[in-house]
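Colleague: Got a minute to go through this model with me? I'd like to start with the metals and then wander around a bit.

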Amino acid sequence: MKNQELTKIFDYIADILEIKGDNLFRIRAYRRAARNIENLGEEIEKIIKDGAVDDIPGIGEDLAEKIKEYVSTGKMWFYEKLKKSIPKLALDLMAVPGVGPKTAKILCDRLKAKSIKELEKYLSQGRLKNIPGLREKKIANILKGIKFIRKSEHKIPLGEAFRISEEIISRLKKLGEIEKITAAGSLRRMKETIRDIDILIASLKPQKVIENFTALPEIKQVASRGKTKSTVITKDDVQIDMRVVRPQSFGSALCYFTGSKNHNIRLRKMAVAKGLKMNEYGIFEIRTNKKIAGKNEESVYSALGLAYIPPEMREDKGEIELARGHNIPRLLELEDIKGDLHVHSDSSDGMLKFEDIALICREIGYEYVVITDHSKSLRIAGGLSEKELFTNIKKVRKINKKTGIRLLIGSEVDILDNGRLDYGNNVLKELDFAIAAIHSGFRESKDKLTYRFLKAIESKFVNMIAHPTGRLMGVRDAYEIDLDKILKTARDANVAVEINAFPARLDLDDNASHRAKELGVTIGISTDTHTRKNFGNMFFGVGVARRAWLEKKDVLNTLSLADFLKKIRK
Ligand SMILES: [Zn+2]
Ligand SMILES: [Zn+2]
């Protein structure tokens, strides 16, 4: 928990220093510190105890002191002081896409608005005319950014919600009196963003469980507290609704609280048609009021004459019809994944050495992993020159012999403005697996962007298109492309299309992935790993795949090494 808090604080400090026009190196140092703490594999408290804070990359003596101060006192004096030196609105504004520190400062100085809402009003009233540095187009962009923020407000990315819920669940388990505990709601359905977290518990001592829950250190405020349920707000400002039910009703309650709403409405209608009544306590015969199901979810579905429906499918998009005919597909499982196809090493913008990558992936149980550092044009992310890439190819071939897992060498090749790839064929042909991606020119026309993808797919050396729509949650929406055309062309050229499992990307998303399956496109699921922790994101990619009804046969990296190599050979 402290790791996350420190990450936020260091990012805020960098933001404030930027607004104040401070020294660029100093700002960068805080940003780097934030990233490094964010990616620590260990609790900062433990690192302090071990006296190893100075060993964290990018943490010098000064930052180490600040970290220790915060962990021991819960405050960082420097940050508290700094915060008071600028209006709060300036800080809020930095989160708005299209607003940099300079603009934030101008807006605050000129408008004297106290909140983003007020600012929005002033902007739409045209109160900002004739201010140097703020042209009409800029103002329109700011308004767009504010709307974007508003849209994503109170929505937590799946990865974040999952982390919080896992933490709460593991704490509660330790405190006892719990027979079963699980997240329900849209989190259990693996939706890409979540409004609030639902936790369901089976226990015979609800009072005790509620007592434990409301006293957890992660909780900032108890909004309501009843005999069997409670709502709280965590320190990350996330709402958690928790309910305790008797074990014999756990299945029906889980079904009820998992949703979706539309799915449950259909189920209840089916129950009524059968002379049954269905609620969170169970399924009952209306005539006799006798309970006939509810202990587990399987019994609930079976009482309605349905096969069990995995939570990720419960959206009333045809799954009930499938369940009626007992035709629910066996959805992809995390264990089906045999390798990762998109991993960055420390030769571009990742943090891991080739050997580390091999070791971690072997530990996960993979048969292969592809190293895909950025290509030369993406200088900002440490893109490799041809020479550097050739050196890496040799290095990977050498390491391969001693790691017990097949390390493959690839590249995340930029698709340039004209649709050409960032390396020539003489380079690409040496790679085991090339993925092509767009990292620039997002605002081009739909036709132009589509053309760039089609051109890249044409290259006989491209194996996969990475993060095809480019959306980055909380930062930018997907760019406009003719996705159907791209998918069909990829299918015909034996090019896979990625579900990028990075929680802010999840790109393709569930709907697009489902469309890809319909069209017969092969999907690759990969983590876009930059740090050790990122490998765990495969779980979220598989979640998207399950929401898209994908099966093992639809996914490229479920193939064994031998079959994988055969499939990608062109
Ligand atoms: Zn990328
Ligand atoms: Zn990448």
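Colleague: Which residue bridges the zinc ion (ligand 1) and the zinc ion (ligand 2)?

Modeller: That's Glu412, and the two zinc ions lie 3.4 Å apart. Keep in mind that this is a predicted model.

Colleague: OK, and what coordinates the zinc ion (ligand 1)?

Modeller: Glu412 through OE, plus His439 and His467, each through NE2. The distances run from 2.0 to 2.2 Å. Along the chain, these donors follow the spacing E-x26-H-x27-H.

Colleague: Where do Glu412 and His439 sit?

Modeller: Glu412 is in strand β13, residues 406-414, while His439 is in the loop between β14 (433-437) and α20 (446-458), so the pair ties together parts that are 27 residues apart in sequence.

Colleague: Are those two, Glu412 and His439, buried or exposed?

Modeller: Both Glu412 and His439 are buried.

Colleague: Let's zoom out. How many helices and strands does the protein have?

Modeller: There are 24 helices and 17 strands. The C-alpha trace spans about 75 × 60 × 55 Å along its principal axes.

Colleague: What does the radius of gyration say about a compact globule?

Modeller: It agrees with one: the protein has 26 Å, and a compact globule of 570 residues would be near 25 Å. Also, 52% of the residues count as buried. If you take contacts between residues at least 6 apart in sequence, 67% of them join residues at least 24 apart.

Colleague: And the charges, how many positive and negative side chains are there?

Modeller: 105 positive and 81 negative, with the centres of the two sets 3 Å apart. On the surface side, the accessible area is about 27300 Å², and carbon and sulfur atoms account for 50% of that.

Colleague: Changing topic: which peptide bonds are cis?

Modeller: One joins Gly259 and Ser260, with omega about -5 degrees. Ser260 is in the loop between α13 (250-258) and α14 (261-273). Another joins Asp507 and Leu508, with omega about 5 degrees. Leu508 belongs to the loop between β16 (496-500) and α22 (510-519). I'd flag them because most peptide bonds are trans.

Colleague: What about positive phi in a residue other than glycine?

Modeller: Glu177 is one of those, with phi near 65 degrees. Glu177 is in the loop between α10 and β2, and it's partly exposed at 36% relative accessible area. Met190 also has a positive phi, near 60 degrees. Met190 is in the loop between α11 (185-188) and β3 (193-194), and at 5% relative accessibility it counts as buried.

Colleague: I was looking at Ile178 too. What does Ile178 touch?

Modeller: Beyond residues up to four places away in sequence, Ile178 touches Leu172, Lys173, Ile201, Ala202, Ser203 and Val209. Ile178 is in the loop between α10 (158-175) and β2 (180-183).

Colleague: Val209 is in α12, right? Which residues of α12 are buried?

Modeller: Yes, in α12 (residues 206-214), Val209 is buried, along with Ile210, Asn212, Phe213 and Thr214. The buried residues of α12 pack against α10 and four strands, β4 (197-202), β5 (219-225), β6 (229-234) and β7 (239-245).

Colleague: Last one: where is Thr531, and what is Thr531 in contact with?

Modeller: Thr531 sits in the loop between β17 (523-526) and α23 (538-547). Leaving aside neighbours within four places in sequence, Thr531 is in contact with Asn39, Met351 and Leu352. Thr531 is buried, with a relative accessible area of 5%.

Notes: Residues numbered from 1 in each chain as written. Chains lettered and ligands numbered in written order. Predicted model: local features only at pLDDT ≥ 70, side-chain atom pairs only at ≥ 80, totals over all residues. Heavy atoms only, no water. Helix = DSSP H or I, 4+ residues; strand = E, 2+ residues; numbered from the N terminus. Rg over C-alpha atoms; globule rule 2.2 N^0.38 Å. Buried < 20%, exposed > 50% of the residue type's maximum accessible area, 1.4 Å probe, protein only. Contact = heavy atoms within 4.5 Å. Areas by Shrake-Rupley, 256 points an atom, 1.4 Å probe, with all protein chains shown as cover. Lys, Arg positive; Asp, Glu negative; His and termini not counted. Charge placed at Lys NZ, Arg CZ, Asp CG, Glu CD. Donors = N, O, S within 2.8 Å, 3.2 Å for Na, K, Ca; no water.
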